[in-house]
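Thank you all for making the time this morning. I would like to walk through one model with you, taking the sheets before the open and enclosed spaces.

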Amino acid sequence: MKKKVVSVLLCAGMVLSLAACGSSSSDTTTTDDTTSAADETAEAADDTEEAEATEEASEEGQVLNIYCWNEEFKTRLTDHYADYEEIDSTTGQIGDVTVVWNITPSDDNAYQDNLDATLLEQETAADDDKIDIFLVEADYALKYVDTDYTMSVYDLGLTEDELSEQYQYTQDVMTDSDGVLKGVSWQACPGVLFYNREVALEVLGTDDPDEVQAYVSDWDTFNETAATLKDAGYTITSTVNDTYRVYSNNVTSKWVEDGVINIDDNLVAWVEDSKALVDAGYTGTSELWSDDWSSGFYPEGNVFCYFGPAWLVNFSMAADTEGSIGYEGGWGACEGPQGFYWGGTWICAATGTDNATLVADIMRTLTCDADVMTEIVEADDDFVNNQSAMEALAESDYSSDILGGQNPLSMYCENAGSIDLSNTSIYDQGCNEEFQSAMKNYFEGNATYEETLDLFYTAIQEKYPELTIPE
């Protein structure tokens with residue numbers, strides 16, 4: 001690139017010299033020759049740039065290895081990256097490059113364990129075996145941000161101007177201690193309360209989002225409404241775990257403080273409120289993603305509401321299954337007792353990738369191109385990481401079929417701007433999972449609260465031996 005710039009400058013200097021040698025400004029022959037030389041210089045520069053770009057692309061690898069834990073990113077790339085061609089469930093093609101998907105579920109840290117083991121071999125791996133892209137989520141993003149395994153997105157060629165429309169928190173979570181951005185996301189994940197419109201009409205007398213909000217506006221009101229719903233034969237949520245993220249995303253301290261396990265007061269409040277709800281029969285204790293939890297996606301499930309971001313109602317609530325509430329457009333959305341976020345997926349470039357140009361183009365297309373991001377919202381009911389695009393859609397006639405024609409985007413926009421990840425830690429995934437798992441014993445009456453805490457501490461120290469229990 002430096003040679004190209006020098007070459008252009010030298011050519012420009014020759015043009016200026018020729019112009020200076022002209023006998024007068026009326027010498028049309030000299031002027032024409034000079035103009036022609038300038039045009040040829042510009043064309044030569046363009047040709048040089050195109051040649052260098054072609055050479056750069058040709059020097060890149062022939063296999064793009066992508067590591068992730070589910071199909072979400074694969075779906076986005078398949079549907080919204082124009083050059084992607086699907087070969088089969090684990091393989092695709094982008095031009096001459098073969099795309100290989102390595103998908104490991106995140107249960108029991110399996111995805112991270114697989115990713116970590118492979119990253120340790122990254123430096124010595126053959127080019128076609130190197131990880132090029134890997135995905136991380138909020139609960140453990142920090143584990144990878146402050147390491148040499150992730151590349152700066154600026155080193156890939158993305159610019160601050162291109163990234164300027166992204167919600168600030170999505171960049172904060174992926175910025176290392178030196179202020180370097182190490183990953184980007186196509187989505188933001190502010191959460192809302194999704195409610196069953198039919199149940200709302202029957203029990204509350206309305207399914208209007210503003211009017212339903214009055215019945216769930218704070219936790220005391222939420223619990224009062226739970227009693228009303230029980231009398232009518234419904235549970236307010238499928239499980240206590242449905243409210244967990246609302247509490248855990250409003251903590252004022254981290255899971256780990258100076259190497260000591262720390263249980264924030266807001267998590268204690270979740271335990272106390274959840275125990276009361278379970279004892280009163282207002283909700284259950286099933287685990288997220290279980291059959292019991294998902295029974296509420298269907299009319300016979302008798303569940304009033306779920307908490308989550310756009311990806312939950314779109315990907316996880318059976319919206320594509322005939323007979324489900326989502327399929328029939330039977331959900332509504334309102335703010336709920338507190339603003340919160342849940343999850344999020346970030347694209348990271350692995351240091352050592354031999355497909356840097358392609359990785360950068362994927363990042364740029366999926367997370368910076370406003371047209372593509374608008375397309376994702378309209379096609380997939382997602383909420384994307386572009387403030388201007390989302391604000392425009394919030395004021396448009398956009399509507400969600402899953403939400404009965406409602407446009408929920410203004411709620412998402414309001415919440416997204418206030419998301420704060422300053423109290424996240426590298427231990428969040430394990431601590432969140434083990435805390436919910438242990439507390440089930442308490443909720444079901446199989447152990448006291450103190451006994452349950454001991455179960456939690458034991459599980460965490462097995463997972464993270466370096467941590468200590470508070471005195």
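Two strands are counted here as paired if DSSP finds at least two bridges between them, and by that rule strand β1, residues 63-68, pairs with strand β4, residues 97-103, in the parallel sense over six bridges. Please keep in mind throughout that this is a predicted model. Within that parallel pair, L64 is the residue that stands opposite V99 in β4.

Staying with β4, we find that strand β3, residues 91-94, also pairs with β4, but in the antiparallel sense and over four bridges. The bridge partner of I94 is V97 in β4, and the two strands make a hairpin with two residues between them, where G95 in the turn has a positive phi of about 60°.

These strands belong to an open sheet of six strands, which runs in the order β2-β3-β4-β1-β5-β12 and has mixed pairing. At its edges are β2, residues 84-88, and β12, residues 345-349, each of which pairs on one side only. From one strand to the next, the twist of this sheet averages 25°.

At the β12 end of the order, strand β5, residues 133-137, pairs with β12 in the antiparallel sense over five bridges, and E137 stands opposite T345 in β12. If you now look at what covers this sheet, helix α14, residues 356-368, lies across β1, β3, β4, β5 and β12, and the helix runs at about 155° to β12.

Let me turn to the sheet of four strands, which is likewise open and has mixed pairing, with the order β7-β10-β6-β11. Why is one side of β7 and of β11 left without a neighbour in the sheet? Strands β7, residues 235-237, and β11, residues 331-334, stand at the edges, and each has a single partner strand, so one side of each remains without a neighbour there. The twist in this sheet averages 20° from one strand to the next.

In the middle of that order, strand β6, residues 192-196, and strand β10, residues 303-308, pair in the antiparallel sense over four bridges, with V192 standing opposite G308 in β10. Two helices lie across strands of this sheet. Helix α7, residues 197-204, lies across β6, β10 and β11 and runs at about 75° to β6, whereas helix α17, residues 409-416, lies across β6 and β11 and runs at about 150° to β6.

Helix α17 also leads us to the enclosed space. The structure holds one cavity of 30 Å³ or more, and about 50 Å³ of space lies in the largest cavity. Its lining consists of A310, V313, D381, D382, Y398, S400, L403, P408, L409 and Y412, and the elements that give two or more residues to that lining are α13, residues 310-316, and α17. By class, the lining of this cavity divides into seven nonpolar residues, one polar and two charged.

Now to the pockets. Which element gives the most to the lining of the largest pocket? That element is α18, with eight residues, and α10, residues 244-248, α13 and α18, residues 428-443, each supply at least two residues of the lining. This pocket holds about 1200 Å³ of space and is lined by 35 residues, of which S106, D107, L288, W289 and E433 lie nearest its centre. The lining of the largest pocket divides into ten nonpolar, 14 polar and eleven charged residues.

The second largest pocket has a volume of about 370 Å³. Of the 26 residues that line this second pocket, S248, N249, N250, Y341 and D420 are the closest to its centre, and the elements that give two or more residues to its lining are α10 and α18. Sorted by class, the lining of the second largest pocket has eight nonpolar, twelve polar and six charged residues.

To draw these points together, α13 gives two or more residues to the lining of the largest cavity and supplies at least two residues of the lining of the largest pocket. Helices α10 and α18, for their part, each supply at least two residues to the lining of the largest pocket and give two or more to that of the second largest.

Note on methods: Residues numbered from 1 in each chain as written. Predicted model: local features only at pLDDT ≥ 70, side-chain atom pairs only at ≥ 80, totals over all residues. Heavy atoms only, no water. Axes fitted to C-alpha atoms, helices over the stretch in contact; angles between N-to-C directions. Contact = heavy atoms within 4.5 Å. 1 Å grid on protein atoms, 1.4 Å probe; cavity = no way out; pocket = protein on both sides within 12 Å on 5 of 7 lines; lining within 4 Å. Points joined across faces, edges and corners; volume = space filled by probe spheres on them. Nonpolar A, V, L, I, M, F, W, Y, C, P; charged D, E, K, R; others polar.
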